[in-house]
Amino acid sequence: QVQAVESGGGLVQAGESLRLSCATAEFIFRSFEMGWHRQAPGKERELVAMISSGGSVNVAPSVKGRFTISRDNAKNTMYLQMNSLKPEDTAVYYCNIPRINVWGQGTQVTVSS
């Protein structure tokens with residue numbers, strides 16, 4: 001069973017930074033586009049950023065300039081570096097591999113004002 005395992009969430013103050021990680025199997029990591037979505041309380045899940053197997057990125061306008069998505073091929077791990085966090089970034093963040101419909105368990109990010 002394919003898994004995507006997230007880590008790195010937590011509670012921070014506005015303006016601070018966090019880095020999320022998502023690890024999966026090597027074959028999966030090297031073959032498919034991966035991404036991050038988030039879901040805030042009472043809201044629909046939304047795309048945050050995607051990165052292709054070749055490294056092309058797509059970042060949502062709401063986080064562009066603050067969040068950076070990247071991948072480390074040596075570690076089979078994708079990252080989401082989140083800087084200048086705002087209270088409205090508070091959500092559960094999910095790693096996903098859309099081509100094979102795999103979702104991680106989610107990691108909570110809470111930003112206090």
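Which residue forms a salt bridge with E26, and how far apart are the closest N and O atoms? In the predicted model analysed here, the partner of E26 is R30, and the closest N and O atoms of the pair are 3.1 Å apart. Both residues belong to helix α1 (residues 26-31), where, being four residues apart, they are separated by about one helical turn. E26 has a relative accessible area of 44% and is therefore classed as partly exposed. R30, at 43% relative accessibility, likewise counts as partly exposed.

The salt bridge within helix α1 is one of four in the structure. A further salt bridge is formed by the side chains of D89 and R38, with an N to O distance of 2.9 Å. This pair links distant parts of the chain, since D89 is placed in the loop between β8 and β9 and R38 in strand β4 (residues 34-39), 51 residues apart. Both D89 and R38 are buried. D89 also forms a salt bridge with R66, for which the closest N and O atoms are 2.7 Å apart. Because D89 lies in the loop between β8 and β9 and R66 in the loop between β6 (57-59) and β7, this second pair ties together parts that are 23 residues apart in sequence. R66 is buried, as is D89. Through shared partners, salt bridges join R38, E46, R66 and D89 into one network.

The covalent cross-linking of the chain was examined next. A search of the whole structure finds one disulfide, formed by C22 and C95, whose sulfur atoms are 1.9 Å apart. The torsion about the S-S bond of C22 and C95 is about -60°, so the disulfide is left-handed. C22 lies in strand β3 (residues 18-24) and C95 in strand β9; the pair therefore ties together parts that are 73 residues apart in sequence. Both cysteines, C22 and C95, are buried.

Strand β3, which carries C22, is also part of an open sheet of four strands in the order β1-β3-β8-β7, with antiparallel pairing. The edge strands of this sheet are β1 (4-7) and β7, each of which pairs on one side only. From one strand to the next, the twist averages 15°. Within the sheet, β1 and β3 run antiparallel and are joined by four bridges. S7 has S21 in β3 as its bridge partner.

The surroundings of S21 were considered in more detail. S21 is located in strand β3 and has a relative accessible area of 15%; it is therefore buried, the limit being under 20%. When neighbours within four places in sequence are left aside, the residues in contact with S21 are V5, E6, S7, W36, T77, M78 and Y79. The bridge partner S7 is thus also among the contacts of S21.

A separate set of pairings involves strand β11 (residues 107-112). Strand β2 (residues 10-13) and β11 run parallel and are joined by four bridges, and in this arrangement Q13 stands opposite S112 in β11. By contrast, β9 and β11 run antiparallel, with three bridges between them; A91 stands opposite V109 in β11. The two faces of β11 can be told apart: T107, V109 and V111 make up the covered face, whereas Q108, T110 and S112 make up the uncovered one. Accordingly, V109, opposite A91, belongs to the covered face, while S112, opposite Q13, belongs to the uncovered face.

Two asparagines have a backbone conformation of note. N76 has a positive phi of about 55° although it is not a glycine, and N101 also has a positive phi, near 55°, in a residue other than glycine. Each is found in a loop: N76 between β7 (67-72) and β8 (77-82), and N101 between β9 (91-97) and β10 (102-103). The two asparagines differ in accessibility. N76 is buried, with a relative accessible area of 14%, whereas N101 counts as exposed, at 59% relative accessibility.

Notes. Residues are numbered from 1 along each chain as its sequence is written. This is a predicted model: local features need pLDDT of at least 70, side-chain atom pairs count only at pLDDT 80 or more; totals for chains, interfaces and linings use all residues. Side-chain values use heavy atoms; hydrogens and water are left out. Buried means under 20% relative accessible area, exposed over 50%, partly exposed in between (1.4 Å probe, protein chains only). A disulfide is a pair of cysteine sulfur atoms within 2.5 Å. Two strands pair if DSSP finds at least two bridges between them. Contact means heavy atoms within 4.5 Å. Axes are lines fitted to C-alpha atoms, for helices over the stretch in contact, and angles run from 0 to 180 degrees between N-to-C directions.
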